[in-house]
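User: Please take a close look at a single part of this model. Start at its end, then work outward into the rest of the chain.

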Amino acid sequence: MLASWDQVNVYFLVVKERKESFVAVAWGTLERDSEKPALSVLSQFLTENKITASRLLLLLPRTDLEMTTVEIPPAEEEEVAALVRAEVEQLIGDGEHELVVDYRLLDGATPPVVSGAPAVPQDATDGVDVEMELRRSQTAAAFSLEQSDLDAWVDAVSGTGLQLAAFTSRQTAPLYRLRQQRAFRASLSVLIIVYEGEVELSFFRGNRLASLRTFRAGSHEVGTLTDQIQMEVQRSVSLMDFVSPGEMPELLVLVRSKLDGPTEGDAIDEDSLNELPTLCESLSARPVYVTIPIEDSAFENGMDEQDESDSGSPDPVLVAAASVFQEHHMAVDLIHPKLPPVLPNPVRRWAAIAALALGCFGIGSYTLMADVNDLKSQVSERKQELVETERVAAKIQEKADETRYVQQWLSDQVDWLSQLQRLSSQFPEGQLANVRRLSANVDGSTGVIDISVQVNDPDRVAELENALRDANFSITSKRISEQANNEEYPWQFEARIAFSIPPLDERDEEIFTMPGSTSPTEALDANEPPAVEEVI
């Protein structure tokens, strides 16, 4: 959840993180109570509307968070944090209370270049480390508060049941998102954000932050507010040494309400044309929008119980800050401030050098001794390898002979069970045929089965022959005769069935099933096999 406030209202936004984005779950604008802290008002509303969250990103205005603009001398990047802290402590520190300091470089304000140092290209961005840029003096906006005050904020947030995830400046939090949207297109731009009772101005040289300014708004009437903003912009620009004479900035207004400008997607009709001009129209400024996807169930979390004027759309400042936090580009965070690197202990340094030297000496000695031992052991290893190789060769030859005998024996074998299973699967049901005699033998590469079968109908003979031929058997009927003394099976015939025996390397394990069955067991259970009177 993200929260911020001004002199009149408290703004909050609850988001749910997705894999690569986030959606708004609940949001709102609450009226502040002069007798209650803003966090208490927010906590009470969340409890009453059963809105839950785990972490809180707190965006504080200038009235609650001290900001100081400091000049720091040329320094390496890792030294900047210490220099900024030293400047802040010199300007506002009293020496008795510990300060928590974080900062954002104002790299759009071109400072005096150190003699002999090359200039930095203007199209360089915040996240790019440019070695030339570190060789000149820099300007930074430093944000600070006492450690005891920060602890009090952490305790206050914990009292609401939330964990304070970030503690940042309201004015700087959304700027990275706006740069991603390429909102700053002119060589000199001013971003205007209007709150109840105050206005924030952010000056940009190209897309690089140059200055931050906040002033109190005397009135929220568009004409009066326009005059005050224009006067403050002109006054600030006149004090900036990086602005050319006569250069006019492009004005941008972050649209937070209908007073600022038309809401994104609003249609222009005759009624809207007759309304009073918005701040964008009065200032001839370009509107800037920041939107967020809304979860389908968002208005089930108590949002539908608020008036439309209270809920509206999520505060774009909070939306932009949520995006910046998710992408880990929060420029200022007093919970995790930028800290100077810890200086190495000289005692530990020399101890590490000594330990490294001793380690190298020991490793060298051990390596030499290991090489000697290796050379001594190589001869014995080679002899052992020779003996082992001869033993393995003899074993392999023995196994090869055994394998040859086994293969020769297997090649002479016939899988009679599989062939009989194939044969029985083609026979009719037991009440239709009776096998009286069956004999099998091998003739070279061909298996031969002689059978004598009794059937109840002479048509069964032709059916059986066709079925066996379809199963790749070769069948030759020798004799068909009628038995007058056998009423159940009056017809008898004898046949020779032949099949080719595949070579050993082409044999595969085969499972034959009756048509319509799913397993050999089901095939045998499905039809009763013909009775066999004699097997030879």
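Analyst: Helix 12 is followed by N472, whose phi is positive, near 70°. Helices (H or I, at least four residues) and strands (E, at least two) are DSSP runs, numbered from the N terminus. The model is predicted, so local features need pLDDT of at least 70 and side-chain atom pairs pLDDT 80 or more, while totals for chains, interfaces and linings use all residues. Residues are numbered from 1 along each chain, and side-chain values use heavy atoms, without hydrogens and water.

Helix 12 covers residues 459-470. Its end C-alpha atoms lie 17 Å apart, which agrees with the 16 Å expected for twelve residues at 1.5 Å a residue (the span is 1.5 Å times one less than the number of residues). V461, L464, E465, A467 and L468 are buried in helix 12 (under 20% relative accessible area; exposed is over 50%, partly exposed in between; 1.4 Å probe, protein chains only). These five residues cover an arc of only 165° around the axis, which puts them on the same side of helix 12 (the arc is taken from the directions from the axis to the C-beta atoms). D459 and D470 are exposed, on the face turned away from that buried side.

What covers the buried residues? Helix 11 (416-425) and strands 15 (446-455), 16 (474-482) and 17 (491-500) are among the elements that do so (contact means heavy atoms within 4.5 Å).

Elsewhere, strands 5, 7 and 6 form an open sheet in the order 5-7-6, with antiparallel pairing (two strands pair if DSSP finds at least two bridges between them). Strand 5 (66-72) and strand 6 (99-105) are the edges; each has a single partner strand, so one side of each lacks a neighbour in the sheet. Neighbouring strands here are turned by 30° against each other on average, direction ignored. Helix 3 (147-159) packs on this sheet, touching strands 6 and 7, and its direction makes about 65° with that of strand 7 (axes are lines fitted to C-alpha atoms, for helices over the stretch in contact; angles run from 0 to 180 degrees between N-to-C directions). Strands 6 and 7 (138-146) pair over seven bridges. Y103 stands opposite A142 in strand 7.

Strand 8 (163-169) is mostly covered, with six of its seven residues buried. Strand 4 (55-60) pairs with strand 8 in the parallel sense over six bridges. L57 stands opposite A166 there.

Overall, the protein chain has 13 helices and 18 strands. Of its 536 residues, 40% count as buried.
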